[in-house]
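Q: I have a new model open on my screen and I'd like to learn how to read it. Can we go through it feature by feature?

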Amino acid sequence: MKKYSTIIFDLDGTLLDTLLDITDAVNETFKCLNMDYFIDTEITRHFIGSGARILVDRIFNYLSIDEKLKESYYSNYLNIYSKHVNVKTEPYPNVIETLQKLKEKGYILGVISNKPNRDVSTCLNKYFKDIFDFYTGQVGNILPKPHADIFYYLKEKFPFIKENILFVGDMLVDIEFSKNIHADCAIYENGYGKIKSCKEANFLFEKYMDLLKVLED
């Protein structure tokens, strides 16, 4: 009998490398609002993972930008990012093949992301059409990961077994989230978190085909 019946994935930094598109959107928003600022991809990498709102908070704090400009920046960023959400974004190596094999083996597959829900939908439809059984991004006032609220919101919409879940992510926020929903956690070492060792994660894997080995053990 399989230890897990349901595998839920984070999206950014776990299934998709979205860093270039996010960074471009951040800087395009500066340009659109005539703000003389610029950040590179490495800075962006450290700021993402907890949703667009916190991304903007971190950028404003890092650059000491006037807080009065934050709401305008935030709303413009959301629109700009949605317009080129898939321009430079790419799946990580062997992700699609691994997901297809998991699907063939009968696993229920889902996504929980802190990305706005419309952008999650856009990404999944382009790269992973018909693979996932359920997904959600940030919706309304529901608290994002690591809060468990987004999980229970999803659980009300889709019937899956809470006790047999493996959550797959790449950052410390994903490990904390898995604890909050009482699920095991697997960490993709080559994601944005660059986590190479962590006692709190149940599994770490460097290549996606290694995830299959973890599940077969």
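A: Sure, let's begin with some rings. Phe-9, Tyr-127, Phe-128 and Phe-132 form one aromatic cluster. Keep in mind that this is a predicted model.

Q: How many aromatic pairs are there in total?

A: First the general idea: a pair of aromatic rings is described by how far apart the centres are and by the angle of the planes. Here the count comes to 16 aromatic pairs. Take Phe-60 and Tyr-73, an edge-to-face pair with 5.5 Å centre to centre and 70° between the planes. Phe-60 belongs to helix α3 and Tyr-73 to helix α4, so this pair ties together parts that are 13 residues apart in sequence. Both of these residues, Phe-60 and Tyr-73, are buried.

Q: What about Phe-167 and Phe-177: what kind of pair do they make?

A: Their ring centres are 5.0 Å apart and their planes are at 70°, so this pair is edge-to-face. Phe-167 sits in strand β6 and Phe-177 in helix α8, 10 residues apart, and the pair links distant parts of the chain. Phe-167 and Phe-177 are both buried.

Q: Which other residues of α8 are buried, and what covers them?

A: Along with Phe-177, the buried residues of α8 are Val-173, Asp-174, Ile-175 and Ser-178. The cover over them includes β4, α7, β6 and β7.

Q: Where does a charge sit over a ring?

A: Look at Arg-53. Its charged end sits over the ring of Tyr-74, 3.8 Å from the ring centre.

Q: Now the empty space. How many cavities of 30 Å³ or more does the structure hold?

A: The trick is to roll a probe the size of a water molecule over the atoms, which shows where empty space is left. This structure holds one cavity of 30 Å³ or more, and the volume of the largest cavity is about 250 Å³.

Q: Which residues lie nearest the centre of the largest cavity, and which element gives the most to its lining?

A: The lining has 23 residues, and Asp-12, Gly-49, Gly-51, Asn-114 and Lys-115 lie nearest the centre. β4 gives the most, with four residues. At least two lining residues come from each of α3, α4, β4 and α8. Sorted by class, the lining has 11 nonpolar, five polar and seven charged residues.

Q: Where should I look for unusual backbone angles?

A: Start from the general rule: most residues other than glycine have a negative phi, and most peptide bonds are trans. Asp-130 has a positive phi, near 70°, and lies in the loop between α6 and β5. His-182 has a positive phi too, near 60°; this residue is in the loop between α8 and β7. As for the peptide bonds, a cis one joins Lys-145 and Pro-146, with omega about 15°. Pro-146 is in the loop between β5 and α7.

Q: Are Asp-130 and His-182 buried or exposed?

A: The cut-off for exposed is over 50% relative accessible area. Asp-130 has 70% relative accessibility, so Asp-130 counts as exposed. His-182 is exposed as well, because its relative accessible area is 60%.

Q: Then why does His-84 count as buried?

A: Buried means under 20%, and His-84 counts as buried because its relative accessibility is 12%. His-84 is in the loop between α4 and β3. Leaving aside residues up to four places away in sequence, His-84 touches Asp-21, Asp-24, Ala-25 and Glu-28.

Methods. Residues are numbered from 1 along each chain as its sequence is written. This is a predicted model: local features need pLDDT of at least 70, side-chain atom pairs count only at pLDDT 80 or more; totals for chains, interfaces and linings use all residues. Side-chain values use heavy atoms; hydrogens and water are left out. On a 1 Å grid over the protein atoms alone, a cavity is a set of points where a 1.4 Å probe fits but cannot get out, and a pocket is an open set with protein on both sides within 12 Å along at least five of seven lines; lining residues have an atom within 4 Å of a point. Grid points are joined across faces, edges and corners, and a volume is the space filled by probe spheres set on the points. Ala, Val, Leu, Ile, Met, Phe, Trp, Tyr, Cys and Pro count as nonpolar, Asp, Glu, Lys and Arg as charged, and the others, Gly among them, as polar. Buried means under 20% relative accessible area, exposed over 50%, partly exposed in between (1.4 Å probe, protein chains only). Contact means heavy atoms within 4.5 Å. Rings of Phe, Tyr and Trp (its six-membered ring) pair if their centres lie within 6.5 Å; planes under 30 degrees apart count as stacked, over 60 as edge-to-face and the rest as tilted. A charge sits over a ring if NZ of Lys or CZ of Arg is within 6 Å of the ring centre and within 35 degrees of the ring normal.
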